[in-house]
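Trainee: I have a model open and want to learn how to read it. Please take me through it one question at a time, cut-offs included.

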Amino acid sequence: MKSTPILLTTAALLGLGACATGPSTESVASGAPVPVAGLDWRLTQDGGEAKLAFGSEASDDLELAFECSTGARQVAIMAPGSDGDRELHLESGGATERYRAEAEPLGVRDGVFLTASTDAKDPVLQRFRSLGWIARWQGETRETYVAHPATVGAVERFFAACG
């Protein structure tokens with residue numbers, strides 16, 4: 001039957017699509033990560049402080065966040081971690097860096113809250129600024145945090161505020 005290859009191809013593609021629902025989803029065709037529904041970057045600016053956080057709008061949980069004082073060029077990197085974690089390993093567009101982090105207990109659940117600091121001109125952050133996505137490695141696991149088209153400008157505005 002001539003329609004069998006088409007049905008198998010369609011079933012295979014649907015199966016691949018069903019697997020592509022987590023935060024580390026990537027586009028097979030281009031190699032570029034794609035945004036995930038319900039997760040995005042949010043920019044808040046209050047006085048001389050700017051914060052860019054990735055997570056769900058319906059929750060206080062965050063996956064990764066950056067903070068800076070306006071014009072200071074110093075960026076704080078924050079993320080939840082596991083007990084024993086002492087670094088944040090970030091990557092964007094081929095640039096990668098490991099940041100030594102301070103760890104504080106989360107208090108509300110197991111794990112720690114990691115905080116590191118770097119210059120806003122750091123190559124990984126500049127790639128994130130230009131591409132609109134950044135990835136975090138935790139051991140062998142890579143989670144990609146991608147701005148939706150409507151929020152790509154928030155990433156640029158954050159780094160512009162930092163100086």
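**Burial and side-chain contacts**

Trainee: Does Glu 91 count as buried or exposed?

Mentor: Its relative accessibility is 14%, and the classes are buried under 20% relative accessible area, exposed over 50% and partly exposed in between (1.4 Å probe, protein chains only). Bear in mind that this is a predicted model: local features need pLDDT of at least 70, side-chain atom pairs count only at pLDDT 80 or more, and totals for chains, interfaces and linings use all residues. Residues are numbered from 1 along each chain as its sequence is written, and side-chain values use heavy atoms, with hydrogens and water left out. So Glu 91 counts as buried.

Trainee: Which side chain has a polar contact of 2.8 Å with the side chain of Glu 91?

Mentor: A polar contact is a pair of N or O atoms within 3.5 Å; within protein, one must be able to donate a hydrogen and the other to accept it, and residues adjacent in sequence count only if both atoms are side-chain atoms. The side chain of Glu 91 has one such contact of 2.9 Å with Trp 137. The one of 2.8 Å goes to Arg 142.

Trainee: Which strand does His 89 lie in?

Mentor: Strands here are DSSP runs (E, at least two residues), as are helices (H or I, at least four), numbered from the N terminus. Glu 91 lies in β5. His 89 is also in strand β5.

Trainee: How many Å is the polar contact between the side chains of His 89 and Thr 96?

Mentor: His 89 is buried, because its relative accessibility is 13%. Leaving out residues up to four places away in sequence, the residues touching His 89 (contact means heavy atoms within 4.5 Å) include Thr 96, Ala 135 and Trp 137. The polar contact to Thr 96 comes out at 3.0 Å.

**Sheets**

Trainee: What is the strand order in the open sheet of four strands?

Mentor: Two strands pair if DSSP finds at least two bridges between them. In this sheet the pairing is antiparallel, and the edge strands, β6 (95-100) and β10 (141-146), each pair on one side only. Put together, the order is β6-β5-β9-β10.

Trainee: Which residue in β6 is the bridge partner of Glu 87?

Mentor: β5 (residues 87-92) and β6 run antiparallel and are joined by six bridges. They make a hairpin with two residues between them, and Gly 93 in the turn has a positive phi of about 55°. Ser 92 is opposite Ala 95. The partner of Glu 87 is Arg 100.

Trainee: In the open sheet of six strands, what does the twist average from one strand to the next?

Mentor: The order is β1-β2-β3-β4-β8-β7, with antiparallel pairing. β1 (39-46) and β7 (102-105) each have a single partner strand, so one side of each is left without a neighbour in the sheet. The twist from one strand to the next averages 20°.

Trainee: At about what angle does helix α3 run to β3?

Mentor: Axes are lines fitted to C-alpha atoms, for helices over the stretch in contact, and angles run from 0 to 180 degrees between N-to-C directions. Helix α3 (residues 152-162) lies across β1, β2, β3 (62-69) and β4 (74-81). Its angle to β3 is about 35°.

**Helix α2 and the rings**

Trainee: Which residue caps the N-terminal end of α2?

Mentor: In α2 (residues 123-131), Val 124, Leu 125 and Phe 128 are buried. They are on the same side of the helix because they cover an arc of only 100° around the axis (taken from the directions from the helix axis to the C-beta atoms). Pro 123 and Ser 130, on the other side, are exposed. A side-chain oxygen lies 2.8 Å from the backbone nitrogen of Val 124, and the capping residue it belongs to is Asp 122.

Trainee: How many aromatic pairs does the ring rule give?

Mentor: Rings of Phe, Tyr and Trp (its six-membered ring) pair if their centres lie within 6.5 Å; planes under 30 degrees apart count as stacked, over 60 as edge-to-face and the rest as tilted. By that rule, the count is eight.

Trainee: Then what kind of pair do Phe 158 and Phe 159 make?

Mentor: Both residues are buried, and ring pairs link them into a cluster with Trp 41, Phe 54, Phe 66, Phe 128 and Tyr 145. Their ring centres are 5.1 Å apart and their planes are at 85°, so the pair is edge-to-face.
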